[in-house]
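The report below takes two protein chains in turn, and then turns to a single residue. Please keep the sequence and the structure at hand while reading.

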Amino acid sequence: MNGFTLTPVEKKPLSFALPVIGAAGGVAGLFVGTAHGSGLMGVIAGAVLLMALGFVALRVLGLGMEKATRWGIIALFVAAGVLLAGLPGFILGGLFGWFFSWFIFWIGEGRYRASLPPYLTGGQVLWHYAFWILCGAIFVFLITPILVVIPLSFNAQNFFTFTPEMLRFDPAGYSLKHYRDFFTSSGWQQALRNSLAIAPLATLLSVSFGTLAAIGLSSEHVPFRRAIMAILISPMIVPLIISAAGMYFFYSRIGLQGTYFGVVLAHAALGIPFVIITVTATLVGFDRSLTRAAANMGADPVTTFFRVQMPLILPGVISGGLFAFITSFDEVVVVLFVGSANQQTLPWRMFTGLREQISPTILAVATILVVISIALLTTLELLRRRSERLRGMSPG
Amino acid sequence: MSDTTQTGPVLAADGTPLKRSLRRALRAQKMRALALIAPLLIFVLVAFIAPIADMLFRSVENQIVGNTLPMTVEELRDWDGTEVPDEQVFRALFFDLFLAAEAKEHTKLGSRLNYEQSGISSLFRTSGRDVGDIGEVFQDALTEIDPAFDEARFWYDMMSGGAEAEGNERLLSNQIGRLEVLEATNFSGDVDFVPGAAISDILPNTARAYAVFAAFTHFVDEDVVAEEEPWEAVYAALAIDLEDPATRAALAGYDGPGADVLRRAADAPLPPVDMKAAFIDSNKDWQRVGFWKVIKTYSPPYTTGYFLNAVDMEKTAEGIALRSADQRIYGILFQRTMFMSLMITFSCILLGYPVAWIMANLPARKANLLMILVLLPFWTSLLVRTSAWKVMLQQQGVINDTLVWLGLVANESRLVMINNQFGTIVAMTHILLPFMILPMYSVMQTIPPSYLRAAKSLGATNWTAFWRVYFPQSVPGIGAGSILVFILAIGYYITPEIVGGTTGTFISNRIAYHISTSLNWGLAAALGSILLAVVLILYWAYDKIVGIDNVKLGG
């Protein structure tokens, strides 16, 4: 597991190993048992089975036959799983078997201490692993909701939950019909078109204005720098509902409420802080003598900007643009108020869908959006590395 | 090149003093920087700051009463508020309400005042319908005396005082101005009518009523004034004018168009003008002193009423007081918003701290891997995450199904985890957790792990070493993350709207409700202003503690 060993591994006595393995088996047995009617029976059966397995693996077969033993345990669990619950049992059994075959040797051979300092007490070791499990649970909390959405979007039924067919891995339980719905429904397609019409223009506005202003702000002699910065950052600070309320009042006064242009304007304003922050961050590492050198060699300011400065700060500009794009693409509160039915965007439709008629098409859209955001996240990360390489910093 | 022995200012190559040319160069640089910033600054000011300012303005603006009932407000100024106002006030109300009803503005005023006192809305609606009938009595009586009163042309000639007569431009432009305020537009052009100076001296009420009728007919209805029969209000105004003995005396010496018809009308018996009785007959609520007090209280162009309402107070005759207990909703709502935001912040600290700690203490490669798990939800659409929580928490949702399948919960007693505070707190903790982890992580990265080891080697237990050495150094991270999460949580709208039901909603949901459903924009603006003030104070604190330049976006 780990590349180095802090503590020499030593075999643990069975009086320690077997109860621990048995307890783990009991917990697993509880799940299987409750699902089949009797929790208590499951706990006892699981504990006894695992203790027996542990004894056989550690004492009878021993370390020499570890590989074979582990495969044997996996095979045993898979067989039991298939017997109990068919195809899902096969997979669950495989997972359980893989875990226990590793766990028995990890505990029994004392490998869990390898990566820890030798002076830790037993309680501290326990705390260390409990802490890891806790953190693991928090990561599960962070990631599960998103992972649950993806399989559910392939649901063949119009339910928001896993159907028995899906749990049996029955192909009939899965379908692409919600994706088909998305791509054929005129409402969703109109919403997609609106989103794609609004976001790029808003991005263009905030990137072009934002980059210029960031360059201006990075000069040393700007009066009222802090005040200007505060104003430019404010769209990010003010709660969206307040921005939305203010824009609704003001834009309806000047006739922009319910127009395409009004929504673009509002989204551009919301995207500006992201552009300002990323581009100024890039400019911090920018070597000013480069522009002076260019000017020295006879380049006019425009040429200098496009041929020298722009290529160097481009990663920052693009990532600012991506932020602005995502802001506009995901935004729902402001468009809800500033837009009219003609500007209904994808998030807006999802929002009304979630509030009123619940249809799993939303989950298909959600999956598509997750894929898009993963793609954007990867792009951003690559850009960041490139920017650091260009500025002579080491990646990572 | 300058000589070192030379006295006086140092000169640049072109002969100007170096100081001045340096200053000029600096100024040029400054101007260039400002010129680069200017377009964006103007853009943000127009597209974002102006709307916020407009919202702040709307939270105190209250011009509707003064704009819709200008004469009534004027008459009410001297009213002492002890009993029902006198006939003068009701006459002013009649003309104001007649015009407002023609312009269909009276219902707006009614619903505005209804926010302060329920029942006023229907008062304005019914009486706005009845003003025509009140005036018609006089129209019938006058046409009975002379059928010429039914002719548009006759009225036009009479009121303009003939082709050659001197005009009263001021009266007309006053009435046009009043109409502009009421309709909230600007009118330009000629009305094709000017009230005669002589006739408007003799018949002041009639001239005023006819002038505003003429302006309305020309600008709003876009008709020809001379071809339209005047409103019932004009007949009522004439009746009021003719009541006055002075008018009769003045009419005796008048020889403009329609003079003899007017004299005949002045001598004939007209029905008595009693607007007070007529209004009370239309709706009994007009004799409720309380309603009149509300009108008087909200007649100034600016009001603190919305803000008082937003903090569960109201203006009463005895001054400002708390609303009765069953009407207090915003205090509870603000408290709930605060409480839930604090709960969310606290759960974020609880969940974020271990994760940030483990990431800060792992080798960079593994930490980056875990960072992806943190950033993925950060980068996923808010609606995706909210829908995910709806899927998870529903009664027929994933968590309940799992619990039922495991036998931990009976099928008929599935847990209620959505549409209440629990649902909002769980979903928002998940959504805001990355905002807590990222600042904590960046602070913890800077704490050298050797400190902990040093503390332990000096004999501290694990707990003491953590609590006395590590934790104090990580507090800035907790502070930054907490303020950030709290600021974001307090103004959240989407997630509470979807998973919050009725008990898990925030003040922002109420703002949205007032904008789109109850249409009480002033109250929405006041609630928004209070929320904005809270956020700005927190933001100021954040700037002091962390510094705005340190805002980082996802590592």
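## Annotation and model

UniProt positions are given here in the numbering used for this structure, feature names are shortened, and annotations may be inferred rather than shown by experiment. With that reservation, the unreviewed UniProt entry lists residues 334–542 of chain B under "domain: ABC transmembrane type-1". The model itself is predicted, and the values that follow should be read accordingly.

Over residues 334–542 of chain B, the chain is 78% helix and 0% strand, while the C-alpha atoms at the two ends of this stretch lie 21 Å apart.

## Chain B

The secondary structure of chain B as a whole consists of 26 helices and two strands. Its C-alpha trace spans about 115 × 100 × 40 Å along the principal axes, and the radius of gyration of chain B is 36 Å, whereas a compact globule of 555 residues would have one near 24 Å.

Buried residues make up 51% of the 555 residues in chain B, and of the contacts in this chain with a separation of 6 or more, 73% are between residues 24 or more positions apart. Chain B exposes about 25,600 Å², of which carbon and sulfur atoms supply 58%. The chain carries 42 positive and 57 negative charges, and the mean positions of these two sets are 24 Å apart.

## Chain A

Chain A has 15 helices and zero strands. Its radius of gyration is 30 Å, well over the 21 Å that the globule rule gives for 396 residues, so chain A is more spread out than a compact globule. The C-alpha trace of chain A spans about 85 × 55 × 30 Å along its principal axes.

Of the 396 residues of chain A, 49% count as buried, and among the contacts in chain A between residues at least 6 apart in sequence, 69% join residues at least 24 apart. The exposed area of chain A is about 18,600 Å², with carbon and sulfur atoms supplying 71% of it. For the 24 positive and 14 negative charges of chain A, the mean positions are 3 Å apart.

## A residue in contact with both chains

Where in chain B is B:Gln394 placed? This residue sits in the loop between helix 19 (382–393) and helix 20 (398–406) of chain B. B:Gln394 has a relative accessible area of 18%, and therefore counts as buried, since the cut-off for that class is under 20%.

Leaving aside neighbours within four places in sequence, B:Gln394 is in contact with B:Asn400 and B:Ile418 of chain B, and with A:Phe160 of chain A.

How values were computed:
Residues are numbered from 1 along each chain as its sequence is written. Chains are lettered from A and ligands numbered from 1 in the order in which they are written. This is a predicted model: local features need pLDDT of at least 70, side-chain atom pairs count only at pLDDT 80 or more; totals for chains, interfaces and linings use all residues. Side-chain values use heavy atoms; hydrogens and water are left out. Helices (H or I, at least four residues) and strands (E, at least two) are DSSP runs, numbered from the N terminus. Buried means under 20% relative accessible area, exposed over 50%, partly exposed in between (1.4 Å probe, protein chains only). Contact means heavy atoms within 4.5 Å. The radius of gyration is taken over C-alpha atoms; the globule rule is 2.2 Å times the number of residues to the power 0.38. Accessible areas come from the Shrake-Rupley method with a 1.4 Å probe; for residues, only the protein chains shown count as cover. Lys and Arg count as positive and Asp and Glu as negative; His and the chain ends are not counted. The place of a charge is taken as NZ of Lys, CZ of Arg, CG of Asp or CD of Glu.
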